[in-house]
Amino acid sequence: MRYVIAILIFAIVAVVSLAGFRGQKFTQPPLYIFPDMEWQKRYSAQGENEFFPDKRDDRPVVAGTVQRGYGWAEKEVFAGSYQYPPSQNQALFTGRKPDGSWYAGYPVRVDSAFLETGRQKFDIFCAVCHGQTGDGNGITKAAYGMVTVRNLMEAYVTTQPEGEIFSTITYGKGKMGPYGDRLAPAERWAVIAYLHALQLAGNATKNDVPPEERAKLGL
């Protein structure tokens, strides 16, 4: 029995030792103890294959094709009555007017629910850098010393048309990355609406408070 236990312990130690080499640098091919799906057959970006005459994995778009719709709503996208959304409301998807200038205002209805959506998305995606009040003092500055974060209360931002802010959120600007792949167009407009609420609150004076409410606030 002692020998069985000894052999078992030796086998376990050997397996763990070999597995410990996983991720080490080798001059020879690495040891794949748990290969998982690393050897699955697939086309790789900019790779080669022998199936197509031009030997390319990346396939060119079929001539004459255009994007139609968003997502995988096939019944809607391929319906005979379908209309391409950006052509119906250009400002909603681009932040620009038909003449290419920035759109001012909102191409969607703004209400309390819309502002709440903006608050939620702002707190998730924007507050980490710009701070929950938009003053540029988010955790990336306070904890990690990122000093280039824009203060959204500054005139540089408050004077921008809504469409220009939409473009910044969509494509990024400077060291800020793009968020067009994380926020739907309507959500980006909701963030802008909430940002304007923060700007109004951050730059407000007592004259902006209704007279009947000033006494309650001690103003």
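This is a short chat about how some labels in this predicted model are earned.

Trainee: Let's start with helix 5. What makes helix 5 (residues 112-130) count as bent rather than straight?

Mentor: Look at its span. A straight helix of 19 residues would span 27 Å at 1.5 Å a residue, but helix 5 spans only 23 Å between its end C-alpha atoms. There's also an angle to go with that: helix 5 bends by about 50° at Asp123.

Trainee: Which residues of helix 5 are buried, and what do they pack against?

Mentor: Phe114, Gly118, Phe122, Cys126, Ala127 and His130 are the buried ones. They pack against helix 6 (139-142) and helix 9 (185-202).

Trainee: Asp123 sits at the bend. Why is Asp123 called partly exposed?

Mentor: Its relative accessible area is 25%. Buried means under 20% and exposed means over 50%, so Asp123, at 25%, is partly exposed.

Trainee: How do you know that Arg119 and Asp123 form a salt bridge?

Mentor: Their closest N and O atoms are 3.1 Å apart, and the cut-off is 4 Å between a side-chain nitrogen of Lys or Arg and a carboxyl oxygen of Asp or Glu. So the pair qualifies. Both residues lie in helix 5, four residues apart, about one turn of the helix.

Trainee: Why does that spacing suit a pair?

Mentor: An α-helix has 3.6 residues a turn, so residues three or four places apart point the same way.

Trainee: And what makes Lys55 and Glu50 a salt bridge?

Mentor: The same kind of test: their side chains meet at 2.9 Å, N to O, and the limit is 4 Å. As for accessibility, Glu50 has 64%, so it passes the 50% mark and is exposed. Lys55, at 37%, falls between the two cut-offs and therefore counts as partly exposed.

Trainee: What about Arg56 and Asp54?

Mentor: Those side chains meet in a salt bridge as well, at 3.2 Å, N to O. Arg56 has a relative accessible area of 41%, so it is partly exposed; Asp54, with 33%, is partly exposed too.

Trainee: How many salt bridges does the structure hold?

Mentor: Ten.

Trainee: One last label. Why do Ile5, Ile9 and Val13 count as a nonpolar surface patch?

Mentor: Take Val13, which lies in helix 1 (residues 2-19). A patch residue needs over 30% relative accessible area, and Val13 has 47%, so it clears that bar. Together, Ile5, Ile9 and Val13 make a patch of about 260 Å².

Notes: Residues are numbered from 1 along each chain as its sequence is written. This is a predicted model: local features need pLDDT of at least 70, side-chain atom pairs count only at pLDDT 80 or more; totals for chains, interfaces and linings use all residues. Side-chain values use heavy atoms; hydrogens and water are left out. Patches are made of residues with over 30% relative accessible area and no salt bridge: like charges are joined within 9 Å, nonpolar side chains (Val, Leu, Ile, Met, Phe, Trp, Tyr) within 5 Å. Accessible areas come from the Shrake-Rupley method with a 1.4 Å probe; for residues, only the protein chains shown count as cover. Helices (H or I, at least four residues) and strands (E, at least two) are DSSP runs, numbered from the N terminus. Buried means under 20% relative accessible area, exposed over 50%, partly exposed in between (1.4 Å probe, protein chains only). The expected span of a helix is 1.5 Å times one less than its number of residues. The bend at a residue is the angle between axes fitted to the seven residues ending there and the seven starting there. Contact means heavy atoms within 4.5 Å.
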